Amino acid sequence: MKRILYFIKTEVRLLKKSIIIIALILTVFLSAFMGALSVRMDFVNGFYSYLDENFSSYVIVAYRLKTIDDLMKISPDELYLNNKTWLTCAVTLENAEGQAMETTDISENAGLYSDLGAILVLNDKTKSKLDSASDALVSGQWNSGERQICVDKKVAEFLSLAVGDTVSIIPKEPSAPQLSYVVSGIFDREPLKEDYFFNFYYYITESNEFEFSNARMVYYDARSAHASFSKYEDTLGSLSVTGLKYPLSSPITDYFRNIMPIKLTLDVAVALFFAVMVVIVYTLMTMFYRQRKPFICRLKLLGAGSGTVFGIYFGIAVAIFLVVTLISSGFGVLFNIYFMHLCETVFELSFRTTFSAVVPLLSFAVLTAFTALMFALSGRRIRSDIIAQEVKAE
C-alpha cells in the first residue's frame with residue numbers, strides 16, 4: 001500500500017496539468033449531469049405531489065372503446081366506471097308497481113357529475129374496491145353478475161325497493177330501449193361520496209357485449225394516472241383527464257400532456273451528459289496507459305503486478321472523481337434551484353426544490369465502476385511482448 005501511495009504522489013506531480021484540465025472538464029459536465037438528473041427527479045415528483053395535494057382521484061375518459069370486451073382487451077385490471085347516455089343519466093327509475101322516480105328528484109347530487117348511475121366491470125380490481133366498502137351496504141350485496149343493480153338507500157326508500165325487486169330504467173329518449181335490473185343490494189352513499197367511485201346513486205352490471213358511451217378509468221394517485229394516460233393515449237387516441245376532490249373537479253389533460261416533452265428533454269439531457277462523461281473517463285484512462293506506458297512496462301519488469309499498476313492509476317482516478325463530485329454537487333444544487341424556479345414561473349405551480357444525496361453518490365459510484373472496468377480491460381493489453389518492445393525501443 002505504501003508503495004502504491006508513493007507512486008500515486010509521483011504520477012500526480014508528473015501528470016498535474018493533464019489531471020487539472022480533465023478535472024475541470026469533468027466538473028462542468030458532471031455538474032450539468034447532476035443538476036439535470038436532480039431537476040428530472042424534482043420536476044416529476046413535484047408535479048405529482050402538487051396534483052395529489054389538490055386532487056384525491058383522477059378519471060381518464062376513453063371515447064373509442066365501445067364494449068366491455070374492448071376494455072378487457074386493452075387492460076383487464078383497471079378500475080372502470082362506464083357511462084351510457086340513456087342508462088346512467090337523464091332517465092326515470094321505476095319499480096315493479098309502476099312507481100317512478102325522475103333523476104331530477106335526487107336533489108343532493110350538488111351538480112358534481114351529470115351521471116347518477118354507473119356501469120361496473122366486474123374484474124378483480126373492481127371487486128376488491130367494492131369489498132373495501134362492504135360496511136356501506138345496508139342490505140344485500142354489491143353486484144356479482146349480469147343485469148343486476150345496487151341502489152342508494154334514498155332511491156330504495158323512494159321506490160320502496162328491497163333486495164330481489166326489479167327496477168326498470170326508462171330513458172327520456174323515446175327511441176332508446178328500456179332495460180330492467182334485479183336489485184342485488186342497497187347501500188348508503190353518504191359516507192362514501194367523497195370517493196368518486198362511490199359518488200353514484202346506482203350501479204348496474206351488463207354482459208361483456210354491452211355497448212356504452214364512454215369508458216372511465218379511475219386512479220387515486222397522479223403517478224399511476226399519468227402512466228396509464230401515456231400508455232393508452234398511443235393506442236386509444238384522444239383521452240381526457242379530470243382531477244377530482246369532492247365537490248370540485250378540474251380538467252388536467254394539458255398538464256399530463258405537457259409533462260411528457262419536458263421529461264423527454266431532461267432524459268435526453270441526462271443521457272447526453274452521461275455519454276460525455278464516459279468519453280472523458282475513457283480519455284483519462286487512455287492518457288494514463290498511453291503517456292505512461294514505458295513507465296508501466298518498467299514497473300512490470302521490476303516485478304510489479306497488474307494489481308499494483310491498477311491501484312496507482314485507479315487511485316488517482318478515484319481521487320479526481322471524489323474532488324470533482326464534491327465541487328459538482330454545489331453547482332448541481334444551484335442549477336436545480338434555478339431550473340425549478342423557472343418551472344414555477346412557466347407552469348404557475350409550486351415545486352419543492354430538493355437535491356437528493358443519492359445523485360452525487362450514484363454519480364461517483366457509476367464513474368468509479370466504469371473506470372475500474374476500463375482500467376481492467378486496458379491493463380490486460382500490456383502483455384509481456386509489449387513490455388519487451390518498449391524496453392527494446394528505449
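Two strands count as paired if DSSP finds at least two bridges between them. Helices (H or I, at least four residues) and strands (E, at least two) are DSSP runs, numbered from the N terminus. This is a predicted model, in which local features need pLDDT of at least 70 and side-chain atom pairs count only at pLDDT 80 or more, while totals for chains, interfaces and linings use all residues. Residues are numbered from 1 along each chain as its sequence is written, and side-chain values use heavy atoms, with hydrogens and water left out.

**Exercise 1. Describe the chain as a whole.**

Step 1. Start with the secondary structure: the chain has 12 helices and 13 strands.

Step 2. Turn to burial, where buried means under 20% relative accessible area, exposed over 50%, and partly exposed in between (1.4 Å probe, protein chains only). Of the 394 residues, 49% count as buried.

Step 3. Now take the surface, computed by the Shrake-Rupley method with a 1.4 Å probe; for residues, only the protein chains shown count as cover. The accessible surface of the chain is about 19300 Å², and carbon and sulfur atoms hold 59% of that.

Step 4. Finish with contacts, meaning heavy atoms within 4.5 Å. Among contacts between residues at least 6 apart in sequence, 80% join residues at least 24 apart.

**Exercise 2. Work out the strand order of the sheet that holds β1, and place helix α7 against it.**

Step 1. Find the pairings. Strand β1 (residues 57-62) is antiparallel to β11, with 5 bridges between them. Within this pair, Val59 has Val218 of β11 as its bridge partner.

Step 2. Extend the order. The result is an open sheet of 4 strands, β11-β1-β12-β13, with antiparallel pairing. At its edges are β11 (215-219) and β13 (248-251), each of which pairs on one side only.

Step 3. Check the twist, using axes that are lines fitted to C-alpha atoms (for helices over the stretch in contact) and angles that run from 0 to 180 degrees between N-to-C directions. On average, neighbouring strands here are turned by 25° against each other, direction ignored.

Step 4. Add the helix. Helix α7 (residues 222-236) lies across β1, β11 and β12 (239-245), and runs at about 5° to β1.

**Exercise 3. Which strands pair with β10, and in which sense?**

Step 1. Recall the principle: strands of a sheet pair through backbone hydrogen bonds, either parallel or antiparallel.

Step 2. Take the parallel case. Strand β5 (residues 117-120) runs parallel to β10 and is joined to it by 4 bridges. Here Leu120 has Thr205 as its bridge partner.

Step 3. Take the antiparallel case. Strand β7 (residues 148-152) also pairs with β10 over 4 bridges, in the antiparallel sense. The partner of Ile149 in β10 is Ile204.

Step 4. Look at the side chains of β10 (residues 202-205). Tyr202 and Ile204 point one way, Tyr203 and Thr205 point the other way, and all are buried.

**Exercise 4. Find two loop residues with positive phi, and state how exposed each is.**

Step 1. Arg147, in the loop between β6 (137-140) and β7, has phi near 55°, a positive value in a residue other than glycine. Its relative accessible area is 37%, so Arg147 is partly exposed.

Step 2. Ser160 sits in the loop between α6 (153-159) and β8 (166-171), and its phi is near 55°. With a relative accessible area of 56%, Ser160 is exposed.

**Exercise 5. Map the surroundings of Ser328 and Phe314 in helix α10.**

Step 1. Ser328 is found in α10 (residues 306-347). Ser328 counts as buried because its relative accessibility is 0%.

Step 2. Leaving out residues up to four places away in sequence, Ser328 touches Thr27, Leu30, Ser31 and Met34.

Step 3. One of these neighbours gives a polar contact (a pair of N or O atoms within 3.5 Å; within protein, one must be able to donate a hydrogen and the other to accept it, and residues adjacent in sequence count only if both atoms are side-chain atoms). The side chains of Ser328 and Ser31 make this contact at 3.4 Å.

Step 4. Phe314 also belongs to helix α10 and, at 18% relative accessibility, counts as buried. With the same sequence neighbours left out, Phe314 touches Thr368, Thr371, Ala372 and Phe375. From C-alpha to C-alpha, Phe314 and Ala372 are 6.8 Å apart in space and 58 residues apart in sequence.
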